[in-house]
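I opened this entry to keep a record of what I looked up, going from helices to loops.

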Amino acid sequence: MKLKLTLSAIIIFSGGSLFAQNAPTNPFDKFANNQSGLIQKAYDKRDDAEGLKLMTELVVKYRELNADDKRTYKGYLTNNWYNVSCLYSLINKKAEALSTLDSAVHYGYTNYRHLMEDSDFANIKNEQKFKQIADNVRSVGDYKYILQKAEKFNAKDTRKIPVFTYQPASNANLVAIRKNFKLDSIAGKGDEASKAINILKWVHNTVNHDGQHESGITKINANEIISKATAKKIGVSCGELATTLNECYLAMGWKSRKVYCFPKDSLKVDYDSHVINVVYLPTLSKWVWMDPTNNAYVKDENNKLLSVAEVRERLIKNQPLFVNDDANWNNRQKITREFYLDNYMAKNLYRMYSPLRNEYDYETRDKNKTITYVNLLPVEYFKQSPDKTEEKNDLTNLTIERYRTNNADAFWNVDK
């Protein structure tokens, strides 16, 4: 069973959040696509000499790329080293199969499940070297396994974190958002949950997502993001979409946060992350997961909306999870629970952080400003200190503060 990745698939799982708006163009793309087709033919013919020659040519061209393009196109090397390894295994050249599989892992192969199910490796699966490679892949690519190891937080962590704050809906900027975007009409006359979902859908349908390109929008607030994105007909990042939804929820009088979701990334090769929202609905007495990039929210088997903490726990314990049927990316691609939760978010729910102050325009990088974030880390995470970091730009006097805690109860405490 060969690993087959198109360029679009390579981009989906590389830098940016979840999906890219447009595939990048580079002469290497055409060359690598052609080379991949030839390596496929060598695989079909079981011609290992030709496969290795083609792979060597691909590596030489790849090494001529700049750093950004190497990051974008690394998937070609991952894919094709894997396929050459399959070829060697099928003709029982075990040493070569293991060596080239190691190369695939070196360039970023992390699909543990696919590796263990691939019948092409039947000849080498009992080799000690294969088992070592598989263990290494599992430690970075079996996302549920990694998440299960990161289950524990520490409610007794006494490290001081500042109090999260939520701007009242009476703030003039939030009043303007509510009025100008007609949020009451968009929300409708249903219960709190249906109103929050209707606003989620409106944000999702108003501005497209683009996880590959910078929007160029410098003011990080709902007014600027919506007006600039619609005027220029561009997509924005998942973080900009989350800012927009966050300020809309605040304008409606709900406590709301952006949640930056990250993988463990102990090898520092995973440039991907995702940003979603949580909104506190008093009638449910809980934070509720809302993802404007994918028009997604999550429910349990009893049709109850779930929080980030509940989704994370259910992933760890293999309990039922359901994504709304109309979850999608840019109204072009359906989002399934298997991909979205079991793979993508299982990876990115390892650690997370939120802005301390939830208010209009908070994350805009203005002069003489301090922006504070609170990080929630599992006890198992390899980097627990320092308790607080501070980065200051001497030219603009902009300061970014980051606090760390293992205390999930304190992090999610809505009453603070």
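I began with helix α13, residues 238-251, and checked its length: at 1.5 Å a residue its 14 residues should span 20 Å, and since the end C-alpha atoms are 20 Å apart, the expectation and the model agree. I note here that the model is a predicted one.

Next I asked myself how many residues of α13 are buried. I found that 14 of its 14 residues are, so that the helix can be described as mostly covered, given that buried stands for under 20% relative accessible area. Just after the helix I came to glycine 253, which takes a positive phi of about 95°.

I then turned to the packing of α13 with helix α9, residues 172-180, where I read an angle of about 95° and a separation of 8 Å between the axes. Because angles from 65 to 115 degrees count as roughly perpendicular, I entered α9 and α13 as roughly perpendicular to each other. On the α9 side the contact is made by Leu174, Ile177 and Arg178, and on the α13 side by Glu247, Cys248, Leu250 and Ala251. Sorting the residues of this contact by character, I noted five nonpolar, two charged and no polar ones.

I stayed with α9 to look at what lies at its ends. At the N-terminal end I found a cap formed by asparagine 171, with a side-chain oxygen 2.9 Å from the backbone nitrogen of asparagine 173. Following the helix is lysine 182, whose phi is positive and near 55°.

For the loops, I first looked up serine 285, which I located between β3 (274-281) and β4 (286-290). Is serine 285 buried or exposed? Its relative accessible area is 51%, and because the cut-off for exposed is over 50%, I recorded serine 285 as exposed. I also noted that serine 285 and valine 414, though 129 residues apart in sequence, have C-alpha atoms 9.5 Å apart in space.

The last residue I looked up was glutamate 380, in the loop between β11 (370-376) and β12 (388-393). With a relative accessible area of 28%, glutamate 380 is partly exposed. Setting aside neighbours within four places in sequence, I listed Lys149, Ala150, Lys264 and Tyr350 as the residues in contact with glutamate 380. To lysine 264 I could add a polar contact of 2.9 Å between its side chain and that of glutamate 380. Finally, I wrote down that glutamate 380 and leucine 147 are 233 residues apart in sequence, whereas their C-alpha atoms are 10.0 Å apart in space.

Technical notes. Residues are numbered from 1 along each chain as its sequence is written. This is a predicted model: local features need pLDDT of at least 70, side-chain atom pairs count only at pLDDT 80 or more; totals for chains, interfaces and linings use all residues. Side-chain values use heavy atoms; hydrogens and water are left out. Helices (H or I, at least four residues) and strands (E, at least two) are DSSP runs, numbered from the N terminus. The expected span of a helix is 1.5 Å times one less than its number of residues. Buried means under 20% relative accessible area, exposed over 50%, partly exposed in between (1.4 Å probe, protein chains only). Axes are lines fitted to C-alpha atoms, for helices over the stretch in contact, and angles run from 0 to 180 degrees between N-to-C directions. Angles under 35 degrees count as roughly parallel, over 145 as roughly antiparallel, 65 to 115 as roughly perpendicular and the rest as oblique. Contact means heavy atoms within 4.5 Å. Ala, Val, Leu, Ile, Met, Phe, Trp, Tyr, Cys and Pro count as nonpolar, Asp, Glu, Lys and Arg as charged, and the others, Gly among them, as polar. A polar contact is a pair of N or O atoms within 3.5 Å; within protein, one must be able to donate a hydrogen and the other to accept it, and residues adjacent in sequence count only if both atoms are side-chain atoms.
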